[in-house]
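Okay, everyone, thanks for coming. Let me put the structure up on the screen, and then we'll walk through it together.

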Amino acid sequence: MPSQLPSYACDFRLPSLAGVMMLQLLEKVIELENWTEGKGLIVRGAKNNFCSGSDLNAVKGLANPEDGMALCMFMQNTLTRFMRLPLISVALVQGWALGGGAEFTTACDFRLMTPEGKIRFVHKEMGIIPSWGGTTRLVEIIGSRQALKVLSGALKLDSKNALNIGMVEEVLQSSDEAKSLEEAQEWLRQFIQGPPEVIRALKKSVSSGRELYLEEALQNERDLLGTVWGGPANLEAIAKKGKFNK
């Protein structure tokens, strides 16, 4: 965890070896599920690239559909657990995010790119489709028409196109690894100002609203409100008697 980030925000670097990434990602998700003080998370890659997804040499050994489905389920479950973390997550796309790496960006709450960054869903060229939940999440982020353009390869997601269609929130000024991380950290800070229990409850509420049916989501909002109503942050705000119109 770099010194620039406060203790309640985490900087997670994906390993450069894709097979290692899958296992280490699950280990990291389990670790973060037990990180009760956390509020924010920046995910970035190693060696100036975000992530290239599956190791093609390893995939060659998974010739039958059962093996492919097992890999699919493993990564779907892992990325779903990642999405449900009560942390506001940002994918910092430096360089290439290919295949499964592109799918991973969709599991983050927000995406930032460096000017030279590229997101490519190369699954069609591999004779498959995104199966780590990437298609479902991509449609939610940019809509079905734009998703078809991106997944078919008709629309290449360089930083300009990604920003134009709403795939990323912002194109950072610098491509330098250290400077772009500083920019991403500063960008994240606006979302994680406040008590951890409130930030985490907000994220849980948004996650439930996205995943649950209306009645379940409304019940979950009530349950989560009960975890912060009358809590220290709530009582402090009431005591100030201020109007929050800034």
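Here's something to look for while you turn it around: which helix lies across S1, S2, S3, S5 and S8? That would be helix H8, residues 177–189, and H8 runs at about 155° to S2. Before I go on, please keep in mind that this is a predicted model.

Let me give you the overview. The protein chain has eleven helices and eight strands. Of its 246 residues, 43% are buried. The chain exposes about 13,200 Å², and carbon and sulfur atoms supply 57% of that. And if you take the contacts between residues at least 6 apart in sequence, 70% of them join residues at least 24 apart.

Now, the sheet that H8 lies across. It's an open sheet of five strands, in the order S1-S2-S3-S5-S8, with parallel pairing. At the edges you'll find S1, residues 9–13, and S8, residues 170–171, and each of those pairs on one side only. Quick reminder for anyone new to this: strands of a sheet pair through backbone hydrogen bonds, either parallel or antiparallel.

Let's step through the pairs. S1 and S2 are parallel, with five bridges, and one spot to click on is phenylalanine 12, whose bridge partner in S2 is valine 43. Next over, S2, residues 40–44, pairs with S3 in the parallel sense through four bridges. There, glycine 40 sits opposite isoleucine 88 of S3. Then S3 pairs with S5, residues 110–113, again parallel and over four bridges. For that pair, look at alanine 91, which has arginine 111 in S5 as its bridge partner.

I'd like to stay on S3 for a moment. Why can we call S3 largely enclosed by the rest of the structure? Well, S3 covers residues 88–93, and six of the six are buried, so the rest of the structure largely encloses the strand. You may remember that in a regular strand the side chains alternate between the two faces of the sheet. Here, Ile88, Val90 and Leu92 point one way, while Ser89, Ala91 and Val93 point the other way, and all of them are buried.

There's another sheet to find. It's an open one made of three strands, ordered S4-S6-S7, and the pairing is mixed. S4, at 96–98, and S7, at 157–158, are the edge strands with a single partner strand each, so one side of each has no neighbour in the sheet. If you zoom in on S6, residues 118–120, you'll see that S6 and S7 pair in the antiparallel sense over two bridges. Isoleucine 119 has leucine 157 in S7 as its bridge partner.

Okay, on to the helices. How do H9 and H10 pack? H9 is residues 196–211, H10 is residues 214–228, and they pack at an angle of about 175° with their axes 9 Å apart. That makes the two helices, H9 and H10, roughly antiparallel. On the H9 side, the contact residues include Val198, Ala201 and Lys204, and on the H10 side they include Ala217, Asn220 and Leu224. Sorted by class, the contact between H9 and H10 has five nonpolar, five polar and three charged residues.

While we're on H9, have a look at serine 207, which is part of that helix. Its relative accessibility is 5%, so serine 207 counts as buried. Leaving out residues up to four places away in sequence, serine 207 touches Met83 and Arg84.

Two more residues and then I'm done. Leucine 79 is in helix H3, residues 65–83. Buried or exposed? Leucine 79 has 0% relative accessibility, so it counts as buried. Beyond its neighbours within four places in sequence, leucine 79 is in contact with Leu25, Phe104, Ala107, Trp132 and Arg137. Take Leu25 from that list: leucine 79 and leucine 25 are 54 residues apart along the chain, and their C-alpha atoms are separated by 8.7 Å.

And finally, lysine 28, over in helix H1, residues 18–33. Lysine 28 has a relative accessible area of 16% and is buried, since the cut-off for buried is under 20%. Not counting residues up to four places away in sequence, lysine 28 touches Cys10 and Phe12. From lysine 28 to phenylalanine 82 is 54 residues in sequence, and 9.1 Å in space, C-alpha to C-alpha.

Okay, that's the tour, so let's go to questions.

Definitions and conventions: Residues are numbered from 1 along each chain as its sequence is written. This is a predicted model: local features need pLDDT of at least 70, side-chain atom pairs count only at pLDDT 80 or more; totals for chains, interfaces and linings use all residues. Side-chain values use heavy atoms; hydrogens and water are left out. Buried means under 20% relative accessible area, exposed over 50%, partly exposed in between (1.4 Å probe, protein chains only). Two strands pair if DSSP finds at least two bridges between them. Contact means heavy atoms within 4.5 Å. Accessible areas come from the Shrake-Rupley method with a 1.4 Å probe; for residues, only the protein chains shown count as cover. Axes are lines fitted to C-alpha atoms, for helices over the stretch in contact, and angles run from 0 to 180 degrees between N-to-C directions. Angles under 35 degrees count as roughly parallel, over 145 as roughly antiparallel, 65 to 115 as roughly perpendicular and the rest as oblique. Ala, Val, Leu, Ile, Met, Phe, Trp, Tyr, Cys and Pro count as nonpolar, Asp, Glu, Lys and Arg as charged, and the others, Gly among them, as polar.
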